[in-house]
Amino acid sequence: KAVASIIKHPQRAMRDVHRDFNKMIYEEAKAEGSSFEMKSTDYLRAFRELKEFPDENNSKRIAMLFRHAPRPTRDDLSTFFASQRRDLMSKHHALAVFFDMFEELQLMSCLAPILQWVSFVESRLRGRITQTELSSMKIEDFLQKMQPSDANPGDQSSQNRGKAEQVAENFINAWNKIRSKITTFKGEKLAGKAPTLSQEHELEYCVVSSTGMGKGIFLCSALECLQNIQNRFLAQMLKIAIEEKSNTLLKFLLKPDNEAVMRTVPLLDASPAEIISLTPSLGRKPLLDSLLLYCQASTQYGEGCHALFDLDKIELELVYELVATKAML
C-alpha cells in the first residue's frame, strides 16, 4: 500500500520525505551540538548521488536509489596511480613507463596504415616507373589507374579501386596525424615542413627514399619517428626485466643467463600484430577501455566519484597487449 501510494502521488511523497528528513537532521544536530547547516551539508553530499524521484508522467516505474559512479578516464587512472605510496608505485614500473609515454604511444596507430599503403604502392610500381614520372604523378592519378575508364561498378577492377582508395585514405589520415613530428631524419633537421597530405599531392611522398633525398625523405622521417617510439618503449621493458628480477610479469623476456631478449623484425616487414597500438583491432575494445574495466567506485555514500583501480591486473593486461607479441623494429 505504501508503494502504491508513492507511485500515485510522488510529489506529495517527496514533500513528506523532505519534512521528515529535515526533522531528523535537526534532532541529530541538536544531540551532537552542531549546527543544522553543517549537519545538512554532510547529508546532502551523500544524497547528491541519489536519483531524483520520477515525476507523475513517469509513475509507472518505481524510482531506484543508485550510486553515481561516473565512467573512469585515463586521467582518473593516472591520478590514482600517482597518489599511491612510493613502495606500491615501485612495484608497477611498467605502468609508470606507459603513463610517461602515453602521448607518444597514441601515435603508434599511424604505423600500420602507413606501412600498408607503402607496401601497396611499391608492389605496383617496382621497376615500372622512373623517378621523373614518380615526382609528377599524383596520388589520385595512381588510384585512377587502378580502374579502367570502361569498367563497370561491379567489376573486379572497381572493387580493387575501392580497396585502394580506403588504404590511401587511411595513409593520409595517419600522415596528417603525425605530420607535426616529421621534422628530422638521422639526426638532421629537414629542409622543409611536411605538407598536409591529400590525393592531390605527388605519389613521391608515398615511396621510401633510397637516396635520402626528394619528397620521400618526409616518409622516412615519419617511419623513423614511429620506429623510435616503439623501440624506446620496449627497451624500457627490457631494462625493467633485467633490473627487477622479482618482476614476474616480464620474466618471459629473460633467458637462463639473465639476459633480456626480444625479437627484431625489419621495419617495412612488420605485421600489425608486431606493432604497438592503443587502438582496437577488429572486434576488440581499445586498450585503454580494457584497462579501465579493472575499476570500481567507492562503496561509501558520498564517495562514489572516487575510483579504485586494480593496478596488478591493469599492468598484466598492459604487458600482454603491448609487450608479449611485439618486436623491436
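**Exercise 1. Find the neighbours of Leu311, then place the residue in the fold.**

Leu311 touches Leu77, Phe80, Phe81, Gln84, His92 and Leu95, leaving aside residues up to four places away in sequence. Contact here means heavy atoms within 4.5 Å. This is a predicted model, where local features need pLDDT of at least 70, side-chain atom pairs count only at pLDDT 80 or more, and totals for chains, interfaces and linings use all residues. Residues are numbered from 1 along each chain as its sequence is written, and side-chain values use heavy atoms, with hydrogens and water left out.

Next, the element: Leu311 sits in helix H14. Helices are DSSP runs of H or I with at least four residues, strands are runs of E with at least two, and both are numbered from the N terminus.

Then burial: Leu311 counts as buried because its relative accessibility is 8%. The cut-offs are under 20% relative accessible area for buried, over 50% for exposed and partly exposed in between, using a 1.4 Å probe and protein chains only.

Last, a distance: the C-alpha atoms of Leu311 and Leu291 are 9.2 Å apart, with their positions 20 residues apart along the chain.

**Exercise 2. Is Glu317 buried or exposed, and what does Glu317 touch?**

Glu317 is also in helix H14. At 18% relative accessibility, Glu317 counts as buried. Its contacts, not counting residues up to four places away in sequence, are Leu287, Ser290, Leu291 and Tyr294.

**Exercise 3. Work out how H4 packs on H6.**

Start with the geometry: helix H4 (residues 74-82) and helix H6 (residues 93-100) pack at an angle of about 130°, and their axes are 11 Å apart. Axes are lines fitted to C-alpha atoms, for helices over the stretch in contact, and angles run from 0 to 180 degrees between N-to-C directions.

That angle makes H4 oblique to H6. For reference, under 35 degrees is roughly parallel, over 145 roughly antiparallel, 65 to 115 roughly perpendicular, and the rest oblique.

Now the residues: Leu77, Ser78 and Phe81 of H4 meet Leu95, Ala96 and Phe99 of H6. Sorted by type, the residues of this contact are five nonpolar, one polar and no charged. Ala, Val, Leu, Ile, Met, Phe, Trp, Tyr, Cys and Pro count as nonpolar, Asp, Glu, Lys and Arg as charged, and the others, Gly among them, as polar.

Finish with what H6 buries: Ala94, Leu95, Val97, Phe98 and Phe99. These buried residues pack against H4, helix H7 (102-106), helix H12 (216-243), helix H13 (287-291) and helix H14 (311-324).

**Exercise 4. Do the same for H8 and H12.**

Helix H8 (residues 111-125) and H12 pack at an angle of about 140°, with axes 11 Å apart. H8 and H12 are therefore oblique to each other. On the H8 side, the contact uses Leu111, Ile114, Leu115 and Val118, and on the H12 side Leu219, Leu223 and Leu226. The tally is seven nonpolar, no polar and no charged.

**Exercise 5. Take stock of the whole chain and decide where to read with care.**

The protein chain has 14 helices and four strands. Of its 329 residues, 38% count as buried.

On confidence, the chain averages a pLDDT (the predictor's confidence in each residue, from 0 to 100) of 77, and 72% of the residues score at least 70. Over residues 49-54, pLDDT stays under 50, and the model has 22 contacts there beyond four places in sequence. Residues 57-66 also stay under 50, with 13 such contacts. Where pLDDT is low, the predicted coordinates should not be read in detail.
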